[in-house]
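This briefing sets out the secondary-structure pairing and packing of one protein chain for a reader who has the coordinates at hand. Please read it alongside the sequence and the structure shown below.

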Amino acid sequence: MYDPVTLKLNVEPLILSALQEDITSEDVSANCVMKKPQMGEVDLICKQDGIICGLQVFERVFTLLDENTKAEFFVEDGEKVKSGQLMGKIRGDIRVLLCGERTALNYLQRMSGIATYTHSVASLLEGTQTKLLDTRKTTPNNRIFEKYSVRIGGGNNHRYNLSDGVLLKDNHIGAAGSVKKAVEMAKEYAPFVRKIEVEVETFDMVKEAVEAGADIVMLDNMNHEQMREAIEWIAGRAEIEVSGNVTKENIAKLTDLGVDYISSGALTHSAPIMDISLKNLHAV
């Protein structure tokens, strides 16, 4: 759940922007069938098995439209839910329930989909010391929702944004001239509290990064034999992350490596939504 400061400063403005995208002047359809205030109630129903995530955001959509709207949930973020399960009831002005429905469901379906997919991937690492990480491959203006969903699903967050840590990738190395030079420049410029991570693609780059003092070495798109050779040579002198087209279908092949981290952009860019509906709207 988001703390009050994060909710107010970073979450609510994005929800309001989403509502403004969907309602430029009025909800014509709602106003056609409901010309005056009328209290109503609607059921929140899960239509497939998964991990629910985003209930706070779902509720905030409606309370931003009308603070008198009330949500009663029978589940909490992170719980497993089943198809057909009644997860909650929303009560308020029917016009508010109608015009907030799509935006609220868009958030809840997307966040629950990411949590569900992440859970399925994280379960493949159970029994190992390897942590599952997400990436910055998120939907623009939805990172705060998508990275939260990864945590709810059992994954861990890599850096939140470009200000959050030093990660020297191929183009940074190209701009600096070499791995060694890039690490030296990072050590000179970055605050001492920041770890320095270097993305490498060859064994020579691994050696250069470790000898230059990198804290974390990311083995990117290497084959299994290359990764084993690199891991044996590093021998604990740096933390190790494996990355590169990691999905639920292939992550099990990496578990025997014993690395510290495996990162997967698929957690956020390829997770399907979870099917959820608001049904049985009626006046009360």
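Are helix 3 and helix 4 roughly parallel or roughly antiparallel to each other? In this predicted model, helix 3 (residues 55-65) and helix 4 (residues 94-122) pack at about 160°. Angles over 145 degrees count as roughly antiparallel, and the two helices are therefore roughly antiparallel to each other. The points below treat this helix pair, the two sheets with the helices that pack on them, and three loop residues.

**Helix 3 and helix 4**

- The axes of helix 3 and helix 4 lie 8 Å apart, and the crossing of the two helices is right-handed.
- On the side of helix 3, the contact is made by Leu55, Val57, Phe58, Val61, Phe62 and Leu65.
- Helix 4 contributes Val96, Leu97, Cys99, Gly100, Glu101, Thr103, Ala104, Leu105, Tyr107, Leu108 and Met111 to the contact.
- By class, the residues of this contact comprise 14 nonpolar, two polar and one charged.

**The four-stranded antiparallel sheet**

- Four strands form an open sheet in the order 3-5-1-12, and their pairing is antiparallel.
- Strand 3 and strand 12 (276-283) each have a single partner strand, so each of these edge strands has one side without a neighbour in the sheet.
- From one strand to the next, the twist averages 20°.
- Strand 1 (residues 39-46) is joined to strand 5 (residues 86-93) by seven bridges in the antiparallel sense.
- Within that pairing, isoleucine 45 has leucine 86 of strand 5 as its bridge partner, while glutamate 41 has arginine 91 of strand 5.
- Strand 5 also pairs in the antiparallel sense with strand 3 (residues 70-73), over four bridges.
- In the pairing with strand 3, lysine 89 of strand 5 stands opposite glutamate 72.
- For reading these positions along a strand, side chains in a regular strand alternate between the two faces of the sheet.

**Helices on the four-stranded sheet**

- Helix 3 lies across strand 1, strand 3, strand 5 and strand 12.
- The direction of helix 3 is at about 160° to strand 3.
- Helix 4 also packs on the sheet, where it touches strand 1, strand 5 and strand 12.
- The direction of helix 4 makes about 165° with that of strand 12.

**The six-stranded parallel sheet**

- A second grouping is an open sheet of six strands with parallel pairing, in the order 6-11-10-9-8-7.
- Strand 6 (131-133) and strand 7 (166-168) are the edge strands, and each pairs on one side only.
- The twist in this sheet averages 25° from one strand to the next.
- Strand 8 (residues 196-200) and strand 9 run parallel and are joined by four bridges.
- Methionine 218 in strand 9 stands opposite glutamate 199.

**Helices on the six-stranded sheet**

- Helix 7 (residues 179-189) lies across strand 7 and strand 8, and runs at about 165° to strand 8.
- Helix 9 packs on the sheet and touches strand 9 and strand 10.
- The direction of helix 9 makes about 165° with that of strand 9.

**Loop residues**

- Isoleucine 23 is found in the loop between helix 1 (4-22) and helix 2 (28-33).
- With a relative accessible area of 21%, isoleucine 23 is partly exposed, because the buried class covers values under 20%.
- Isoleucine 23 and tyrosine 107 are 84 residues apart along the chain, and their C-alpha atoms are separated by 16 Å.
- Tyrosine 107 is also among the helix 4 residues in the contact with helix 3.
- Asparagine 221 is found in the loop between strand 9 (216-220) and helix 9 (224-234).
- The phi of asparagine 221 is near 55°, which is a positive value in a residue other than glycine.
- Asparagine 221 has a relative accessibility of 49% and counts as partly exposed, since the exposed class begins over 50%.
- Asparagine 245 is found in the loop between strand 10 (239-243) and strand 11 (261-263).
- Asparagine 245 also has a positive phi, of about 55°, although it is not a glycine.
- At a relative accessible area of 65%, asparagine 245 is exposed.

How values were computed. Residues numbered from 1 in each chain as written. Predicted model: local features only at pLDDT ≥ 70, side-chain atom pairs only at ≥ 80, totals over all residues. Heavy atoms only, no water. Pairing = 2+ DSSP bridges. Axes fitted to C-alpha atoms, helices over the stretch in contact; angles between N-to-C directions. Parallel < 35°, antiparallel > 145°, perpendicular 65-115°, else oblique. Left-handed = near helix turned anticlockwise from the far one by under 90°. Contact = heavy atoms within 4.5 Å. Nonpolar A, V, L, I, M, F, W, Y, C, P; charged D, E, K, R; others polar. Buried < 20%, exposed > 50% of the residue type's maximum accessible area, 1.4 Å probe, protein only.
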